[in-house]
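Please take a moment to look over the sequence and the model before reading on. The paragraphs that follow begin with single residues and then move outward to the chain and the spaces inside it.

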Amino acid sequence: MPISIESSLQHVAWAEKQFFVQLAEVPVNLYAATYGNPEWNVAQIATHIAHGAARYEYHLTGVEHETPPVPQTREEMIALGHFLAARTAALLPQTRLDDELLQLVSHGLAFEEWRSTLLVQAIHHSVEHRAQLASALD
């Protein structure tokens, strides 16, 4: 099997699912746990992961989603995990397309980025922030 961004993104989807199942099982008071910046707590970081995946989806497909609220309950954390799973799944078909320099706009600024770079950044973004979540919960 050749090395591919698709297999890496499939692994991210699996890891995110496992992680959010575990997040939904921790006591809700731990959603306020931090590991450094007191404003960057578990609930905020979890939401940031989902928001980031939604932004990558937007840049790659043009489909925009409103990010769910910062979870305050188990049910909201579960919903956030489902939202993230759908956003990551929407990225998978992009791995089968040819690489292409995309013309993008973010916060009113135009820029160019390769499809492959956005996909690798999406993978890195998820891994980085799941590590932060683990540190905050530790």
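**From single residues to the whole chain**

Valine 28 counts as partly exposed because its relative accessibility is 31%, a value that falls between the limit for buried residues, under 20%, and the limit for exposed ones, over 50%. Keep in mind while reading that this is a predicted model. Valine 28 sits in the loop between α1 and α2, and if residues up to four places away in sequence are left out, valine 28 touches Gln72 and Arg74. Proline 38 is 10 residues away from valine 28 along the chain, and the C-alpha atoms of the two are separated by 17 Å.

A contrast in exposure can be found within one helix. Leucine 9 lies in helix α1, and lysine 17 is found in helix α1 as well. Which of the terms buried, partly exposed and exposed fits leucine 9? Leucine 9 has a relative accessibility of 1%, and therefore counts as buried, whereas lysine 17, at 56% relative accessibility, counts as exposed. Leaving aside residues up to four places away in sequence, leucine 9 touches Thr88, Leu91, Leu92, Thr95, Leu119 and Ile123.

Both of these residues also show how positions that are separated in sequence can be compared in space. Lysine 17 and glycine 81 are 64 residues apart in sequence, and from C-alpha to C-alpha they are 6.8 Å apart in space. For leucine 9 and glutamine 94, which are 85 residues apart along the chain, the C-alpha atoms are separated by 10 Å. The contacts of the chain can be described in a similar way: among those between residues at least 6 apart in sequence, 67% join residues at least 24 apart.

It helps now to step back and consider the protein chain in full. Its secondary structure comes to four helices and two strands, and when these elements are read along the sequence they follow the pattern α-α-α-β-β-α. Taken along the principal axes, the box filled by the C-alpha atoms is roughly 45 × 40 × 25 Å. How does the radius of gyration agree with that of a compact globule, and what are the two values? A compact globule with 138 residues would have a radius of gyration near 14 Å, and the protein chain has 15 Å, so the two agree. Of the 138 residues, 39% count as buried, while the accessible surface of the chain comes to about 7800 Å², of which 56% belongs to carbon and sulfur atoms.

The next step is to look at the spaces that the model contains, starting with an enclosed one. The structure holds one cavity of 30 Å³ or more, and the largest cavity has a volume of about 60 Å³. The elements that give two or more residues to its lining are α1 (5-25), α2, α3 (74-91) and α4, and the largest share, four residues, comes from α2. Leucine 9, already met above as a buried residue, is one of the residues that line this cavity, and others among them are Val12, Glu16, Ile49, Thr88, Leu91 and His125. Sorted by class, the lining of the largest cavity has seven nonpolar, four polar and one charged residues.

The largest pocket, in turn, has a volume of about 220 Å³. Two or more residues of its lining are given by each of the elements α2 (42-61), β2 (109-114) and α4 (115-137). Which element gives the largest share of the lining of this pocket? That share, five residues, comes from α2. The lining of the pocket divides into three nonpolar, six polar and two charged residues, and includes His51, Arg55, His59, Phe111, Glu113 and Gln121. Gly52 and Tyr56 belong to the lining of the pocket, and Gly52 and Tyr56 are also listed in the lining of the largest cavity.

One further residue of the pocket lining is His107, and its position and backbone deserve a closer look. Histidine 107 is placed in the loop between β1 (101-106) and β2, and its phi is positive, at about 55°, although histidine 107 is not a glycine. With a relative accessible area of 77%, histidine 107 is exposed, because the class of exposed residues takes in values over 50%.

Definitions and conventions. Residues are numbered from 1 along each chain as its sequence is written. This is a predicted model: local features need pLDDT of at least 70, side-chain atom pairs count only at pLDDT 80 or more; totals for chains, interfaces and linings use all residues. Side-chain values use heavy atoms; hydrogens and water are left out. On a 1 Å grid over the protein atoms alone, a cavity is a set of points where a 1.4 Å probe fits but cannot get out, and a pocket is an open set with protein on both sides within 12 Å along at least five of seven lines; lining residues have an atom within 4 Å of a point. Grid points are joined across faces, edges and corners, and a volume is the space filled by probe spheres set on the points. Ala, Val, Leu, Ile, Met, Phe, Trp, Tyr, Cys and Pro count as nonpolar, Asp, Glu, Lys and Arg as charged, and the others, Gly among them, as polar. The radius of gyration is taken over C-alpha atoms; the globule rule is 2.2 Å times the number of residues to the power 0.38. Buried means under 20% relative accessible area, exposed over 50%, partly exposed in between (1.4 Å probe, protein chains only). Contact means heavy atoms within 4.5 Å. Accessible areas come from the Shrake-Rupley method with a 1.4 Å probe; for residues, only the protein chains shown count as cover.
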